[in-house]
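Reader: I should like a close look at a single part of this model, followed by whatever else can be set beside it. Please treat the pairing of strands with care.

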Amino acid sequence: MPTNGKYMHWWSTLMAGSVAALAASSAATALESPRLVLQITVDGLRADMPQRYAHHYGEGGWRYLLEQGTRYVNAHYQHANTETIVGHVSLATGAYPANHGMVANVWFDREAGALHYNIEDPDHKLLTAGGGIDRSTEIDPTQRAARSDGRSPRAIRVSTFSDELASFTGGKAKVFAVSVKDRGAVSMAGHAGTAYWFSKATGTFVTSDYYAERYPAWVESWNAEAHAQRYANADWKLTGNVATYMFGDADDRPWEIDFPTWGRTFPHPYGAGDSKYFTTFLTLSPAGDELTLDFAKALVENEGVGQDAVTDYLAISFSSTDYINHLFGPSSLEAEENQQRLDRTLAELFRFIEEKVGLSRTLIVLSADHGSPEAPGYLNELGIQGGYFDPKSIAREPAIEALKQRFGIGEELIETYFHPYLYLNREVIREHGLDQGQVERAVAAELVNFPGVALAVSSQALLKGDLADTWLMRSVLRNHDPDRSGDIYIIFAPHVFINDFDGLSVAAAHGSPWRYDTHVPVIFAGHGVGSARIVRPVTPYDIAPSLSAYLGINPPSGSRGQPLHEVLQQDGR
Ligand SMILES: [Zn+2]
C-alpha cells in the first residue's frame with residue numbers, strides 16, 4: 001500500500017464515494033503530466049526588477065507569478081560571461097558554458113581568422129530573402145560581427161530540455177521557441193525544435209532551412225498581415241500619470257542614449273512604417289514583446305500546441321527589457337514603464353494559455369538570461385563609483401609596448417578583443433619561438449594594473465590549474481571552451497564596463513560575474529505548483545533538470561544543476 005500523500009488523498013476521496021470531488025481536486029490534475037511546458041525568458045531582467053515596479057501591476061500578469069508561483073529569490077548564474085546566448089543556452093541545457101560551448105555572443109574563430117556570431121551557420125540560410133541583418137541600420141554589435149545570415153543551433157554542444165522532451169516522446173512533442181532575438185529563440189528550441197525570430201530587415205518573423213524547407217501557411221499569412229505596421233506613426237507613451245512613477249521626475253538623464261529621433265524622453269516616436277529605424281525602435285520598446293506574444297499566440301493556435309496528452313514545449317524570450325536597460329539603464333522611466341507593459345503582455349499570455357490549454361495543465365517557468373548593471377552616471381549621482389573602459393586602448397598602453405620590446409616582438413601582439421576575451425597573435429608568438437603560456441601570463445600580469453581591471457586570467461594557466469582557487473576563477477573556468485575561448489579573460493571592476501561597441505554606445509552593458517549581472521528571477525507556476533518564496537541559493541542551471549524531473553524524463557546531457565525539490569514535492573513527484 002503506497003503511503004505517499006497524493007495516493008492517500010485519492011484513496012480516501014474514493015472511499016468517501018465522492019467521485020466528483022476527485023475529478024475536481026488538484027491532486028487529480030497532478031496525476032496527469034502537463035500538456036504544455038511554457039518557458040518564459042525575460043532578456044536582461046535583473047531579479048529585483050519585477051518586485052520593484054509592482055505598484056504599477058494589474059491582475060493576472062506579474063501578480064499571478066509573484067503571488068501564486070514558487071519564487072526563488074536567490075538565484076545566481078555561476079559563469080563569468082553573463083551574456084545573452086550564454087545565459088539562454090544555460091537555461092535550455094542546465095549546463096555550464098564550458099560544457100554547452102556557448103561561451104560568448106561572439107568569439108574569434110582562429111581557423112577562419114574572423115569573428116564568429118554564436119549561432120551563425122552559413123549552411124542554413126534564412127527562408128526569407130533579405131531577412132538577415134541590415135548593416136546600414138543594425139545597432140546590435142554582436143549581430144554585426146556575423147559573416148553569414150544563416151542560423152542554426154549546431155554550435156550548441158549538448159542537448160537541451162526541449163531535445164530530451166522530443167526524444168522521450170518519440171518526436172511527438174511539439175517544440176517551438178519564439179523571440180525578437182535570433183539567439184533568444186534558437187537557443188531554446190534546441191536541436192529538435194523549431195525557432196522563429198523577428199527580422200528587423202523585413203519586419204516579419206523568420207526561420208532558417210535548418211528547421212524547415214518552407215514556412216507553414218499560417219506563418220506566411222501572419223507575416224503578410226504586417227502586424228508591425230500598427231505602430232507606424234505612433235509613439236511609445238507613458239501608460240499612467242507621470243506622478244505615479246518612481247522615475248517620473250527623472251526622464252531626461254544625461255547618461256541615457258539619445259538615439260536620433262527616438263530621444264531620451266517620452267513620448268518616443270516610432271516614425272513612419274517605412275522609415276530607416278522603425279523596426280529597430282519596435283525592439284527598443286514594449287512593442288517588440290507585444291509582437292512576440294502575437295506571433296506566439298498564432299503559433300499555439302495553428303500548430304495545436306498543448307492540445308493533446310503529449311507534453312508540448314513553448315519557449316518565449318522577451319527581448320525588450322534588455323534593449324531598454326542598455327539604452328536607458330534599469331533605473332529609468334523607460335525601464336519602469338516597460339515593466340508595466342510587460343505585466344500586461346504576461347497577463348494576456350496567461351489569459352490566452354488559460355483559454356487554449358488551461359493554466360492547471362501548463363507548467364510555467366520564468367527566468368532571465370542575465371541581470372543588468374546600473375548606468376555609471378546613475379550610480380555616480382548617488383556617490384557610488386562606476387565608469388567605462390576602452391579595450392582598444394590596451395594595445396597602445398606603454399606597459400604592453402614595453403612587454404613587446406622585452407619579447408622582441410615588433411608586430412601586433414594583440415589579435416583582437418571581443419568581450420570578454422583578449423586574443424593574442426599566436427602566429428607571432430610562435431614565429432618568435434616564445435611560449436604561449438608565458439606570454440599570456442606576462443600580458444595578464446600587466447592588465448591587472450590597468451585602472452578598471454579586476455582580474456586578467458591566462459587561459460593556459462587556468463587549464464593547468466595553477467591559479468588560486470577563488471569563486472571568480474571558478475566562474476572563468478566554467479566559461480572556458482578550449483576551441484572558442486580567447487587567451488586572456490578580462491574581468492572589469494564592479495560597475496566598470498565597455499560602452500563603445502564599434503562606434504555604438506550604450507548606457508549600461510552586462511556581461512560580468514558581479515552579482516547585478518548574475519542575479520535573475522526563477523519562478524515556477526501553473527500545473528501542480530503552489531505559492532512559495534524560497535531564499536536558499538539556487539542556480540538557473542537547476543531549471544532544465546527540474547523540468548526533466550517533473551516530467552520523469554532524462555536531464556539534458558551536459559546539465560550540472562539539480563532538480564528543485566520545492567517545485568517537485570508540491571506535486572508529490
Ligand atoms: Zn540578454
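Author: In this predicted model, T416 has Y423 of strand 14 as its bridge partner. A second pair is formed by I414, which stands opposite L424 in strand 14. Both pairs belong to the pairing of strand 13, residues 414-418, with strand 14, residues 421-424, which is antiparallel and runs over four bridges. The link between strand 13 and strand 14 is a hairpin of two residues.

In general, strands of a sheet pair through backbone hydrogen bonds, in either the parallel or the antiparallel sense. Here the hairpin strands belong to an open sheet of four strands, with the order 13-14-16-15 and antiparallel pairing. At its edges lie strand 13 and strand 15, the latter covering 453-458, and each of these pairs on one side only. From one strand to the next, the twist averages 20°. Helix 19, residues 436-447, packs on this sheet and touches strand 14, strand 15 and strand 16, the last of these covering 488-492. The direction of helix 19 makes about 175° with that of strand 15.

Helix packing may also be considered between two helices. As a rule, such a pair is described by the angle between the axes and by the distance between them. Helix 11, residues 217-224, and helix 13, residues 286-303, pack at an angle of about 150°, and their axes are 10 Å apart. Since angles over 145 degrees count as roughly antiparallel, helix 11 is therefore roughly antiparallel to helix 13. The crossing of these two helices is right-handed. On the side of helix 11, the contact is made by W218, V219 and W222. Helix 13 contributes L291, D294, F295, A298, L299, N302 and E303. By class, the contact between helix 11 and helix 13 has seven nonpolar residues, one polar residue and two charged residues.

A further site concerns a single residue in another strand. T41 is placed in strand 1, which covers residues 36-42. With a relative accessible area of 1%, T41 is buried, because the limit for that class is under 20%. Leaving aside residues up to four places away in sequence, T41 touches H88, L91 and M188. T41 also touches I316, S317 and F318, together with S367, A368 and D369.

To return to the part examined at the outset, T416 and Y423 are bridge partners, and the strands that carry them are joined by a hairpin through two residues.

Terms used
Residues numbered from 1 in each chain as written. Predicted model: local features only at pLDDT ≥ 70, side-chain atom pairs only at ≥ 80, totals over all residues. Heavy atoms only, no water. Pairing = 2+ DSSP bridges. Buried < 20%, exposed > 50% of the residue type's maximum accessible area, 1.4 Å probe, protein only. Contact = heavy atoms within 4.5 Å. Axes fitted to C-alpha atoms, helices over the stretch in contact; angles between N-to-C directions. Parallel < 35°, antiparallel > 145°, perpendicular 65-115°, else oblique. Left-handed = near helix turned anticlockwise from the far one by under 90°. Nonpolar A, V, L, I, M, F, W, Y, C, P; charged D, E, K, R; others polar.
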